[in-house]
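Subject: Structure handover

Hello,

Here is the structure you asked for, with notes on what turned up in it. The notes follow below the entry.

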Amino acid sequence: MVNAKQIDLTVSGKKELEEELEWRKVSERDRIKEAIKVAREQGDLSENADYTSAREEQSKNEARITEIEDMLKHARIVEVTTIKIRYVAKNLVKEFQICGSETDPFSGKISNESPLAKAVLGHKALDHVFMTTETGKDIEIEILEIK
């Protein structure tokens with residue numbers, strides 16, 4: 001996926017992408033090149049599943065390299081913001097890190113483009129804000145802490 005849109009990344013997210021890019025360009029390319037070489041030595045390429053598989057891996061690796069290069073080209077570094085909120089209706093307290101594009105909702109990392117981040121950013125502790133979910137439901141949130 002080549003994307004001309006600006007990509008928001010944290011410093012650590014950018015570093016992770018740079019490390020992945022280096023690994024893909026060096027180690028992974030070499031590994032795949034060796035797998036193709038070994039598969040070619042098996043003979044007839046038209047019916048060689050190992051060769052076909054290695055070529056597919058090569059294609060996926062090159063696509064990911066292009067994707068990462070594009071992301072890094074359009075990257076903007078953003079600060080990580082930690083928020084602690086309370087969902088008012090459920091009286092449920094949660095803590096999240098608002099990051100750039102490198103999200104992991106299961107570990108509490110959400111995108112600065114997410115509905116929750118958009119609802120709370122620009123506000124301060126003890127403010128009450130409303131967030132509209134993807135299903136169109138409005139949820140009241142109390143901001144307990146922003147770091």
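In which helix do Arg64 and Glu67 lie, and how many residues apart are they? Both belong to helix 2, with a spacing of three residues, about one turn of the helix. Please bear in mind throughout that this is a predicted model.

Salt bridges

The whole structure holds 14 salt bridges. Three of them are described here, beginning with the pair just named.

Arg64 and Glu67 are joined by a salt bridge in which the closest N and O atoms are 2.8 Å apart. The two residues fall on either side of the 20% cut-off for burial: Arg64 has a relative accessible area of 22% and is therefore partly exposed, whereas Glu67 is at 17% and so counts as buried.

This pair is also part of something wider, since a network of salt bridges links Glu20, Arg24, Arg64 and Glu67. Arg24 is a residue of helix 1. Its relative accessibility is 17%, so Arg24 counts as buried. The side chains of Arg24 and Glu20 are joined by a polar contact of 2.8 Å. Leaving out residues up to four places away in sequence, Arg24 touches Arg29, Asn61, Arg64, Ile65 and Ile68.

A second salt bridge connects Glu18 with Lys14, and here the closest N and O atoms are 3.2 Å apart. Both residues lie in helix 1, which runs over residues 11-40, and they are four residues apart, about one turn of the helix. Glu18 is partly exposed at a relative accessible area of 36%. Lys14 counts as partly exposed too, with a relative accessibility of 28%.

The third is the salt bridge between the side chains of Glu57 and Arg31, at 2.3 Å from N to O. This pair links distant parts of the chain: Glu57 sits in helix 2 (residues 49-73) and Arg31 in helix 1, with their positions 26 residues apart. Glu57 has 30% relative accessibility and counts as partly exposed. Arg31 is partly exposed as well, its relative accessible area being 37%.

The largest pocket

Which residues are closest to the centre of the largest pocket? The largest pocket contains about 450 Å³ of space. Its lining is made up of 17 residues, of which Tyr87, Lys90, Met131, Thr133 and Ile139 are the closest to the centre. Strand 4 (92-99), helix 3 (115-120) and strand 7 (138-146) each contribute at least two residues to this lining. By type, the lining consists of nine nonpolar, two polar and six charged residues.

Backbone angles

Most residues other than glycine have a negative phi. Two exceptions are worth listing.

- Asn91 has a positive phi, near 50 degrees. Asn91 is placed in the loop between strand 3 (81-87) and strand 4, and with 54% relative accessibility Asn91 counts as exposed.
- Leu126 also has a positive phi, about 75 degrees, although it is not a glycine. Leu126 belongs to the loop between helix 3 and strand 6 (128-132), and its relative accessible area of 60% makes it exposed.

Distances along the chain and in space

How far apart in space are Asp104 and Glu18? Their C-alpha atoms are separated by 18 Å, while in sequence the two residues are 86 places apart. Asp104 is found in the loop between strand 4 and strand 5 (109-111). At 33% relative accessibility, Asp104 counts as partly exposed.

Arg40 and Val80 are 40 residues apart along the chain, and the distance between their C-alpha atoms is 48 Å. Arg40 lies in helix 1 and is partly exposed, at 46% relative accessibility. With neighbours within four places in sequence left aside, the contacts of Arg40 are Leu45, Tyr51 and Arg55.

Regards

How values were computed:
Residues are numbered from 1 along each chain as its sequence is written. This is a predicted model: local features need pLDDT of at least 70, side-chain atom pairs count only at pLDDT 80 or more; totals for chains, interfaces and linings use all residues. Side-chain values use heavy atoms; hydrogens and water are left out. A salt bridge is a side-chain nitrogen of Lys or Arg within 4 Å of a carboxyl oxygen of Asp or Glu. Buried means under 20% relative accessible area, exposed over 50%, partly exposed in between (1.4 Å probe, protein chains only). A polar contact is a pair of N or O atoms within 3.5 Å; within protein, one must be able to donate a hydrogen and the other to accept it, and residues adjacent in sequence count only if both atoms are side-chain atoms. Contact means heavy atoms within 4.5 Å. On a 1 Å grid over the protein atoms alone, a cavity is a set of points where a 1.4 Å probe fits but cannot get out, and a pocket is an open set with protein on both sides within 12 Å along at least five of seven lines; lining residues have an atom within 4 Å of a point. Grid points are joined across faces, edges and corners, and a volume is the space filled by probe spheres set on the points. Ala, Val, Leu, Ile, Met, Phe, Trp, Tyr, Cys and Pro count as nonpolar, Asp, Glu, Lys and Arg as charged, and the others, Gly among them, as polar.
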